[in-house]
Amino acid sequence: MVFELRTYTLHPGKIAEYWRHYADGGFAAQDPRMAEHLIGYFQSDMGTLNQVVHLWRYDDVAQRAELRAANYARPDWD
């Protein structure tokens, strides 16, 4: 099993805009198979601020590569 932890640091005050963009288009643009591998999206209200963290789970590196390639091949993912 492989876990992928991604952390994005945003400009101060842009967290709400990030969530809005993801909710309005980003989630729908993803390959539907990605949803079953998402463990969660997180943000902090204390400590390190202005960051969005997401955690993904894959069976192995090959599965991660396959799903990410399928995702990037989707025209809406741009």
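A pocket is an open set of grid points with protein on both sides within 12 Å along at least five of seven lines. Its volume is the space filled by probe spheres set on those points. The model shown here is predicted.

**View 1. The whole fold has 2 helices and 3 strands.**
Start at the N terminus and follow the chain. The elements come in the order β-α-β-β-α. The C-alpha atoms fit a box of roughly 35 × 30 × 15 Å along the principal axes. The protein has 78 residues, and 28% of them are buried. The exposed surface comes to about 5,400 Å². Carbon and sulfur atoms supply 57% of that area. Now look at contacts between residues at least 6 apart in sequence: 67% of these join residues at least 24 apart.

**View 2. The largest pocket has a volume of about 300 Å³.**
Its lining is made of 17 residues. Which residues lie nearest the centre of the largest pocket? They are Y8, Q30, Y41, H54 and W77. Four elements, β1, α1, β3 and α2, each give two or more residues to the lining. In sequence, α1 covers residues 15-29, β3 covers 51-58 and α2 covers 61-72. The largest share comes from α1, with 4 residues. By type, the lining splits into 9 nonpolar, 5 polar and 3 charged residues.

**View 3. F3 meets residues from far along the chain, including R57.**
F3 sits in strand β1, which runs through residues 2-9. How many residues separate F3 and R57 in sequence? The answer is 54. In space, their C-alpha atoms are 4.6 Å apart. Leave out residues up to four places away in sequence, and F3 touches I39, L55, W56 and R57. Two of these names may be placed by their elements: strand β2 spans residues 38-43, and strand β3 spans residues 51-58.

**View 4. E4, R6 and R64 form a network of salt bridges.**
The protein has 4 salt bridges in total. E4 takes part in one with R6, where the closest N and O atoms are 2.6 Å apart. E4 also pairs with R64, and here the closest N and O atoms are 2.9 Å apart. E4 belongs to strand β1 and R64 to helix α2, so this pair ties together parts 60 residues apart in sequence.
Is E4 buried or exposed? Its relative accessibility is 10%, which is under the 20% limit, so E4 counts as buried. The two arginines fall in the partly exposed class. R6 has a relative accessibility of 21%. R64 has a relative accessible area of 25%.

**View 5. E66 and R33 join distant parts of the chain.**
The two side chains meet in a salt bridge, with 3.4 Å from N to O. Where do the partners sit? E66 is in helix α2, and R33 is in the loop between α1 and β2. In sequence they lie 33 residues apart. E66 is partly exposed, at 47% relative accessibility. R33 is also in the partly exposed class, with a relative accessible area of 36%.

**View 6. N50 has a positive phi.**
Most residues other than glycine have a negative phi. N50 is not a glycine, yet its phi is about 65 degrees. Find N50 in the loop between β2 and β3. Its relative accessible area is 24%. That value lies between the 20% and 50% limits, so N50 is partly exposed.

**View 7. N71 is a buried residue in helix α2.**
How much relative accessible area does N71 have? It has 4%, so N71 falls under the 20% limit for buried residues. Set aside its neighbours within four places in sequence. N71 is then in contact with A29, Q30, D31, M34 and W77. Two of these partners, Q30 and W77, also appear in View 2, where they are among the residues nearest the centre of the largest pocket.

Conventions: Residues are numbered from 1 along each chain as its sequence is written. This is a predicted model: local features need pLDDT of at least 70, side-chain atom pairs count only at pLDDT 80 or more; totals for chains, interfaces and linings use all residues. Side-chain values use heavy atoms; hydrogens and water are left out. Contact means heavy atoms within 4.5 Å. On a 1 Å grid over the protein atoms alone, a cavity is a set of points where a 1.4 Å probe fits but cannot get out, and a pocket is an open set with protein on both sides within 12 Å along at least five of seven lines; lining residues have an atom within 4 Å of a point. Ala, Val, Leu, Ile, Met, Phe, Trp, Tyr, Cys and Pro count as nonpolar, Asp, Glu, Lys and Arg as charged, and the others, Gly among them, as polar. Buried means under 20% relative accessible area, exposed over 50%, partly exposed in between (1.4 Å probe, protein chains only). Accessible areas come from the Shrake-Rupley method with a 1.4 Å probe; for residues, only the protein chains shown count as cover.
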